[in-house]
Amino acid sequence: MGSEMTDAVAIHSINPKVLKCEYAVRGEIDTYTENLEQELQKNPGSLPFDEIIYCSIGNPQALGQQPITFFREVLALCDHPSLLEKSETNTSFSSDSIVRAHQILSSFPGKATGAYSNSQGVKGLRDSIAVGIAARDSFPASSDDIFLTDGATPAVHYIMQLLLRSEADGVLCPAPQYPLYTASITLHGGTHVPYYLDEANGWALEISELKKQLENARTKGIIVRALVVINPNNPTGQVLTEENQKQIAEFCKKEDLVLIADEVYQDNIFAEGKKFNSFKKIFRSMGYGEDIPLVSYHSISKGYYGECGKRGGYMEVTGFSKSVREQICKVVSVNLCSNISGQILTSLVMNPPKSGDASYESYASERDGILKSLARRAKALEDALNNLEGVTCNKAEGSMFLFPQIHLSEKAIKAAKASKMAPDAFYALRLVESTGIVVLPGSGFGQVPGTYHFRCSILPQENKIPAIVSRLAAFHESFMNQYRD
């Protein structure tokens, strides 16, 4: 029976959009690294390194970052409400975590956190998030505009599904960019329209480049529906200035584009003088109310919280008509609701302890300790990369990544082509098989043709950074000598 194959499900008969879709973050390098990990477990000492060091994905807690105590205390009490009836809880948990758990549970009928919620998310939690957004932006926010999601990823798919009718519809996306966007555009049948960030100018987003790519797309008959902006950017780490954001807002208004603002790294700002401003705040400060359709994303996976596995986040949707919002609600309701633990954590991230609360000092200490350590790691890796022959790396301003350019020799490029690999993928593969250090090739994120990069995470714990620097330096010198023209 097993030997008889039919065409019911064959590679040539599945959805061609799936075949076309690519996602570099979980691609060839990731698969190869998993095999190395298994080899190390089965045969310790069989490889030229004793551990894999992941500088590849933004998964903080997998690399040793600890969760925020207050957040986990509240979540534990909400998941096991009977703890609130026990006297010992008053000594095991902080008093404000107990109060917050009672407040949150009062939002659930029967205090049942194992039940489905409203498809948009629990109303009381959305109210709390709206308060947090208003405090951040100094402009009002409404819980009716907030959709709680399993991280930012489903929210991206919802909006692409809403906007993209055929390949004639396009979306402007930065290059480099987080490959979720190109993958989602492909899966939903649209056309990816790249615009290049200016690496020589600190990965700046130039309005002239947006205009150029928009006009190029329109001459090809593509109807550009939206502009994606990632701020702070993944993978480049660039943080937009307020003036640049205002220019982007004016561009979207003039060209009648939906602005899709990926703001999941808003708490990860390292550069002196740089500050996060949400596009919602920028719009309102310019006097734009419902003039421009805006979708803003946030997630509990990044920042100082790093709760990737809990899958929580939200999208705030403004500037859409009532009839279109009803369609968004319909699309969201197909998934019933996002997970409740993620919803609770999202409300906590947007409304953490405040000065005077019992947990504030410990919360602030944990938060600041994580963020200061990330800043030190970013600077150490930035300096190390810039000390390598033929490597240039822009200043780390924010997010969790660096995106250095590597100038490869013709000999290395020819060797990569002979291996049927992109040159930067060839470099990344040689790096991991020689040192156990995992980075991702820039070719999976988009880059100016003829340039080569890799994405390097700053997330390995601080005590691992010296080993990364020394291993990388030794490998890079050997690689450059081996493939010197």
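Let's start with two helices of this predicted model. Helix α3 (residues 69-79) and helix α5 (residues 95-105) approach each other with their axes within 9 Å, crossing at roughly 50 degrees. That angle makes α3 and α5 oblique to each other, and their crossing is right-handed. On the α3 side, the contact is built from F70, E73, V74, L77 and C78, while α5 supplies D96, S97, I98, R100, A101, I104 and L105. Sorted by character, the residues of this contact comprise eight nonpolar, one polar and three charged.

Helix α3 has another partner to look at, α13. These two helices pack at an angle of about 140 degrees, and their axes are 10 Å apart. Angles over 145 degrees would count as roughly antiparallel, and α3 and α13 are therefore classed as oblique to each other. Their crossing, too, is right-handed. From α3 come F70, F71, V74, L75, C78 and D79, and from α13 come S341, I344, L345, L348 and V349. Here the contact residues divide into nine nonpolar, one polar and one charged. If you select F70, V74 and C78 in your viewer, you will find them in the contact with α5 and also in the contact with α13.

It is worth staying with α13 for a moment. How many residues of helix α13 (residues 340-350) are buried? The count is eleven of eleven, so the helix is mostly covered. Among these buried residues are G342, Q343, T346 and M350, along with S341, I344, L345, L348 and V349, which take part in the contact with α3. What do the buried residues of α13 pack against? Their neighbours are the helices α3, α5 and α6 (123-137) and the strands β2, β7 (294-299) and β8.

Those strands lead us into the sheet. Seven strands form an open sheet with mixed pairing, in the order β2-β8-β7-β6-β5-β3-β4. At its edges are β2 (146-149) and β4 (191-196), each of which pairs on one side only. On average, neighbouring strands are turned by 20 degrees against each other, with direction ignored. Helix α9 (residues 207-219) packs on this sheet, where it touches β3 (169-175), β4 and β5 (223-230), and its direction makes about 150 degrees with that of β4.

A217 is a good residue for a closer view of α9, the helix in which it sits. With a relative accessibility of 3%, A217 counts as buried. Leaving aside residues up to four places away in sequence, A217 touches V193, I222 and V224. For a sense of scale, the C-alpha atoms of A217 and F475 are separated by 42 Å, with their positions 258 residues apart along the chain.

Back in the sheet, β2 and strand β8 (residues 313-318) pair in the antiparallel sense over four bridges. One bridge to follow there is that of I146, whose partner in β8 is E316. By contrast, β5 and β6 pair in the parallel sense, over five bridges, and V229 stands opposite A261 in β6.

Strand β6 (residues 258-262) has five of its five residues buried, so it is largely enclosed by the rest of the structure. In a regular strand the side chains alternate between the two faces of the sheet. In β6, V258, I260 and D262 point one way and L259 and A261 the other way, and all are buried.

Finally, some backbone details deserve a look. Most residues other than glycine have a negative phi, and most peptide bonds are trans. A cis peptide bond joins A175 and P176, with omega about 5 degrees, and P176 lies in the loop between β3 and α8 (180-187). The peptide bond from N231 to P232 is also cis, with omega near -10 degrees; P232 belongs to the loop between β5 and α10 (242-255).

As for phi, D256 has a positive value of about 60 degrees although it is not a glycine. D256 lies in the loop between α10 and β6 and, at 66% relative accessibility, counts as exposed. K420, again a residue other than glycine, has a positive phi near 60 degrees. Its loop runs between α15 (410-418) and α16 (423-435), and K420 is exposed, with a relative accessible area of 80%.

Note on methods:
Residues are numbered from 1 along each chain as its sequence is written. This is a predicted model: local features need pLDDT of at least 70, side-chain atom pairs count only at pLDDT 80 or more; totals for chains, interfaces and linings use all residues. Side-chain values use heavy atoms; hydrogens and water are left out. Axes are lines fitted to C-alpha atoms, for helices over the stretch in contact, and angles run from 0 to 180 degrees between N-to-C directions. Angles under 35 degrees count as roughly parallel, over 145 as roughly antiparallel, 65 to 115 as roughly perpendicular and the rest as oblique. A crossing is left-handed if the near helix is turned anticlockwise from the far one by less than a right angle, and right-handed if clockwise. Contact means heavy atoms within 4.5 Å. Ala, Val, Leu, Ile, Met, Phe, Trp, Tyr, Cys and Pro count as nonpolar, Asp, Glu, Lys and Arg as charged, and the others, Gly among them, as polar. Two strands pair if DSSP finds at least two bridges between them. Buried means under 20% relative accessible area, exposed over 50%, partly exposed in between (1.4 Å probe, protein chains only).
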